[in-house]
Amino acid sequence: MDSDGTQDTRGTHANPVPRARSAVPPKPSVPPGMPPLPDGSAFLTWLRTPRPDAAPGVWRFGHRPRPQEEPELIPARQLLSGAVIAFLVGWLVWSLLWNGYLGGWWVLPLELFTPDSWGHSSDRVGNAIVWYGYYTLIALAIMVVVGRLGRWAELWRRYGPPAWRQAVPVPERPPTPEQDPAAWPHLRAVGADDAADRLAAEARAGLMRDVDHARIARAWQGVRSGRHSLASFRSAVVKDGAAACAHPSGFRDLPGRLARHDLVTGQVRLGTTADDPRNPYAYRGTGLALGPDLLGTSLLAVGPAGSGKTDRVVRPLAESLCLHALAGRAAVVVVGAAGAGLGPADAYDVVVRIAHPESVYDLDLYGGTTDPDEAAAVLAEALVGDLADPTPGGDSRRSTTVLAQLLGPYRAVHGRFPSVPELRGLLDGTPGPLAALRKALTDTGQESLLRELDARERQMAHPGDVGAVLADRIALLDRPAFAGFFDTSGQSRPFSLKALDHPVRVRIDLPARGHADASRILARLVLAQFTASVAVREDRSLFACLLLDDATGLVTPESVRGIQRLRSAGAGVVLTLRTLDDVPRPLRGPLLGAAGCRMALSGLTPWDGQDFAEVWGKEWIEARDVTDRQIIAETPAGKAVHALRRVITGKAPTARAVTVRQVERERWSASELAHGVPPGHAVLSLTNVKGEHAPPLLVDLGNPENLGD
């Protein structure tokens, strides 16, 4: 007996039965500690999800189109009561006919169209079949009539098996190989079966991401357009599979995502169109998404601080464009204050942190150009563009001329453009720098440039010379905080917007505190360089986009003209403003007209709302005027009935008159924009590069992390 009370049976059997040997476990397929290979079913489901064509701004992933006009649905109570009453009426009619209360006229057709021998026949079964068949026909006719009156068909569609089948999702049939995007049929059509098989196998194994699919599709577009050869594309895909045609950075995804993206359509979801009567019925309840086709017409978002411009608009768009850049489809430049939350540094290839001593990259003050006239035009727009005449025809040509008179001679002598301190000295008219420049030009015999310098010196002596204004503005960049920036000697790593020929991801952090005027100058500089650079690109199929988180002080006559030219250059800008008061009054209309997509966020002021109301225009609507007129009874019986009705309903008997007329009203009035937009919402109108447009929509921007289907 053991200590726990159990009996020890060891040695009680002379020949104990040997135990069966345990089975050997199977050999693991992967070394210990390694995670199992991912499953590609989620990616294949995403890739095969239908994306039907839809109106501009509709989230196409899994979209179910709705009719253009809202169907007139009968209230459920009225529909059910009408169906029951119609059934009772039909039952009453049949009972009256069957019991003979309505006479026998309804059996005359049977007696007239049947032979007399049938009526005197002894065949009871045959007579029963004939008569009861006729009764059934009459009953069915009554059911058809009362069914139409009671709308039984609609009741069946709304509450019968058809509604049950819609509630239960029907599994879709697997697509055929010719229609399956995961089988890469367009590669097989040109004989690249080995490349298609490699990509399909990696998709099934879970080794392909949405960015990989978009990047390879972009490379295939290059093959079809003739920029790349089929042989090189095929060999790269067979060798590297889903990692083929990689981005120069080597990354295949972002460190993290906040918004929902669909790289097949190129869209990023910003919110949901509200189920509001002011929205077209086809848009209500659908996802609201933007893509390069809409950003190519530029976007202007106006809303006060805290309305969600950065978190709910700029950040998702920047994230989407960074994904497009990894796929080789876009180049993006994001400009904002330091710490504005425009995405982690790991999500960008180049991060220019101006006035930060640890910044790896510098900003090229002259945009990478070697033409003095072009450099002067861009720099003049940055320095004094906000001082130009704010009328649409105003410009800064005088400032451009002054800068060109100095930049041209300096570059001819030194082979580079002047740095900020050197340019400031030339604009101030300091004798030393001008004399040294004159001597160098004289020694090299460049008479034409000497004439430029002579003209500059003569203008300096005149009152009202713009050189003094330029010197004051350039002095804002000649501060100790910017001492290591804007270098032109080649000792730093300056970033130039000429690099937008490549799918680059750039973030430029402007100094947040203490240098507000310098930050505006730099933002105008980036905008001017962007509009100048994208206009001379060779590959305009690469979408280029500039996102300016705060465009205060950036809107000038020249910048408005530049924005108007971006659509034809395959580029666009995203501008955010706290209020339209930050834009000169003569430029507000041209700015709203230059932006194809306009967004008014909640909290807008009425005077800002007035500008949006004017640009969105008016529409014809059907107005109903209802008039209640009291009915006066003249007879004692009528007065008694009216008194009884007043006791029951609590209201005096009235007759209602309805007048329907067509009236023209504003799509969104200034008062509605100022007081009728709920928090977290915005009113957004859209226009794509094809000219298709969507009317102003009330959109629930929501939380980018919680946007469902």
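I take buried as under 20% relative accessible area, exposed as over 50%, and partly exposed as in between, with a 1.4 Å probe and protein chains only. Cys 245 is partly exposed on that scale, at a relative accessible area of 30%.

**Ground rules.** I'm working on a predicted model, where local features need pLDDT of at least 70 and side-chain atom pairs count only at pLDDT 80 or more, while totals for chains, interfaces and linings use all residues. Residues are numbered from 1 along each chain as its sequence is written, and side-chain values use heavy atoms, with hydrogens and water left out.

**Overall build.** I looked up the radius of gyration, taken over C-alpha atoms, and got 38 Å for the protein, against near 27 Å for a compact globule of 709 residues; the globule rule is 2.2 Å times the number of residues to the power 0.38. The C-alpha atoms fill a box of roughly 135 × 120 × 70 Å along the principal axes. Of the 709 residues, 44% count as buried. I take a contact as heavy atoms within 4.5 Å. Among contacts with a separation of 6 or more, 76% join residues 24 or more positions apart. I also noted 25 helices and 16 strands, which are DSSP runs numbered from the N terminus (helices H or I, at least four residues; strands E, at least two).

**Cysteines.** I searched the whole structure for disulfides and found 0, the cut-off being a pair of cysteine sulfur atoms within 2.5 Å. Why does Cys 545 have no bond to the closest cysteine sulfur? That sulfur, in Cys 597, is 11 Å from the one in Cys 545, so it is too far for a bond. Cys 545 also counts as buried, because its relative accessibility is 0%.

**Largest pocket.** A pocket here is an open set of points on a 1 Å grid over the protein atoms alone, with protein on both sides within 12 Å along at least five of seven lines; a cavity is a set where a 1.4 Å probe fits but cannot get out, and lining residues have an atom within 4 Å of a point. Points are joined across faces, edges and corners, and a volume is the space filled by probe spheres set on them. The largest pocket holds about 1,100 Å³. I count 44 lining residues, with Arg 60, Val 264, Thr 265, Gly 266 and Arg 329 nearest the centre. The elements giving two or more residues to this lining are α10 (210-225), β3 (287-290) and α12 (292-295). Which element gives the most to the lining? It is α10, with 6 residues. By class I get 20 nonpolar, 14 polar and 10 charged (nonpolar: Ala, Val, Leu, Ile, Met, Phe, Trp, Tyr, Cys and Pro; charged: Asp, Glu, Lys and Arg; polar: the others, Gly among them).

**Gly 222.** I checked this residue since it is found in helix α10. Gly 222 counts as buried, because its relative accessibility is 0%. Leaving out residues up to four places away in sequence, Gly 222 touches Arg 227 and His 228.

**Cavities.** I found 2 of 30 Å³ or more in the whole structure. The largest cavity has a volume of about 70 Å³, and its lining includes Leu 254, Arg 315, Glu 319 and Cys 322. That lining splits into 7 nonpolar, 2 polar and 2 charged residues. The second largest cavity is about 50 Å³, and α20 gives the most to its lining, with 3 residues.
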